Amino acid sequence: MNKAAENKVARFAAITIFPEMFAALTDAGISRKALEAGLWSLSCWNPRDFADNPSRSVDDRPYGGGPGMVMQAEPLMRAIEAGTNSLLNAGAAKSRVIYLSPQGRMLDHAKVMALVGELSTGQGLVLLCGRYEGVDERLIELAVDEEISLGDFVLSGGELVAMALMDALIRQLPGALGDTASVTEDSFVAGLLDCPHYTRPEIFQGKKTPEVLLSGDHGKIRRWRLKMSLARTRKRRPDILRDRALSAEETQLMAEILAEESQEQCGEH
Ligand code: SAM
């Protein structure tokens, strides 16, 4: 592969004691197809392979006492170094270490797109998956560039988070989706939630598909979808609408939504 083509591959190295979990990403769906098409690569580095004890244990009791175990810095550091070297040897221009942590910056669409931008410059990502009570703080200070969280809740390990992050990144890679439009119409891309979708049959348990979607009038369909997106976002996620400027058409549609809402409220009284 020449340098330009090498740089187009999104390169990941996962630091994990459960490498088999990543089969969910490599063996199914869009991510599998994208892997087969050579759009991304993954190598897993098990800290147990870098432990210097016969039982290959990589955790120990926390200093100061308390429940649970803590992942030790030494084997994690060695695994991160091996993962980083593998990315560079495979052609990554540089690499960064992300620790998946509930204490990190919450993942959102803007962050996904920023990371896609990094990957497209040939930067590889080392994804550190914690287990137990987490990892020794000194390892974070010495080796981690950024911490990313999936949300304000605690999972048993970072693997599912690493996979969620990778899946979000992979579907943005050029060529990963058959229909590139589907990525641009997803929720959050234009700062709105996606519109509702319908498919056959036309009537399901007495519920009809909205007439406009059967009309074949593409202008009307586009306008209806935009209106539904606006109405949904206003109702479910007013926070993302607050910081978003509306186009002239969106302002008009929003006025219609508000008028319809107040009519409905009058009807209720
Ligand atoms: N004691 C840690 C805390 O309260 O911050 C949680 C440890 S958790 C049981 C084990 C590992 O799961 C973490 O080291 C992290 O890698 C991962 N993890 C759990 N929840 C996460 C989240 N919301 N986002 C990202 N990673 C998470």
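## Exercises: the ligand and two pockets

In this predicted model, 21 residues surround the ligand, and the closest are Tyr99, Leu100, Gln103, Phe153 and Leu155. A residue counts as near if one of its heavy atoms lies within 4 Å of the molecule. Residues are numbered from 1 along each chain as its sequence is written. Local features need pLDDT of at least 70 and side-chain atom pairs 80 or more, while totals for chains, interfaces and linings use all residues; side-chain values use heavy atoms, without hydrogens and water.

**Exercise 1. Find the polar partners of the ligand.**

Step 1. Start with the side chain of glutamine 103: one of its N or O atoms is 2.8 Å from a ligand oxygen. That fits a polar contact (a pair of N or O atoms within 3.5 Å).

Step 2. Turn to the backbone. A polar backbone atom of glutamate 133 is 2.9 Å from a ligand nitrogen. For glycine 151, a polar backbone atom is 3.1 Å from a ligand nitrogen.

Step 3. Check the cover. Alone, the ligand exposes 580 Å², and the protein buries 86% of that. Areas use the Shrake-Rupley method with a 1.4 Å probe.

**Exercise 2. Describe the shell around the ligand.**

Step 1. Look for strands (DSSP runs of E, at least two residues). Strand 5 (94-106) and strand 7 (146-149) each supply at least two shell residues. Strand 5 gives the most, with five.

Step 2. Sort by class. The shell has 10 nonpolar, nine polar and two charged residues. Gly counts as polar here, and Tyr as nonpolar.

**Exercise 3. Which pocket does the ligand occupy?**

Step 1. The ligand takes the space of the largest pocket. A pocket is an open set of points on a 1 Å grid over the protein atoms alone, with protein on both sides within 12 Å along at least five of seven lines; a 1.4 Å probe fits at the points, and lining residues have an atom within 4 Å of one.

Step 2. The largest pocket holds about 500 Å³ of space. Its lining has 26 residues, with Tyr99, Ser101, Pro102, Glu133 and Gly134 nearest the centre.

Step 3. Strand 5 gives the largest share of this lining, five residues.

**Exercise 4. Describe the second largest pocket.**

Step 1. About 410 Å³ of space lies here.

Step 2. The lining has 17 residues; Glu185, Asp194, Arg225, Leu226 and Ser229 lie nearest the centre.

Step 3. By class, the lining has seven nonpolar, three polar and seven charged residues.

Note on methods: Polar contact = N/O pair within 3.5 Å; in protein donor to acceptor, adjacent residues only side chain to side chain. Sits in = over half its atoms within 2 Å of the grid points. Helix = DSSP H or I, 4+ residues; strand = E, 2+ residues; numbered from the N terminus. Points joined across faces, edges and corners; volume = space filled by probe spheres on them.
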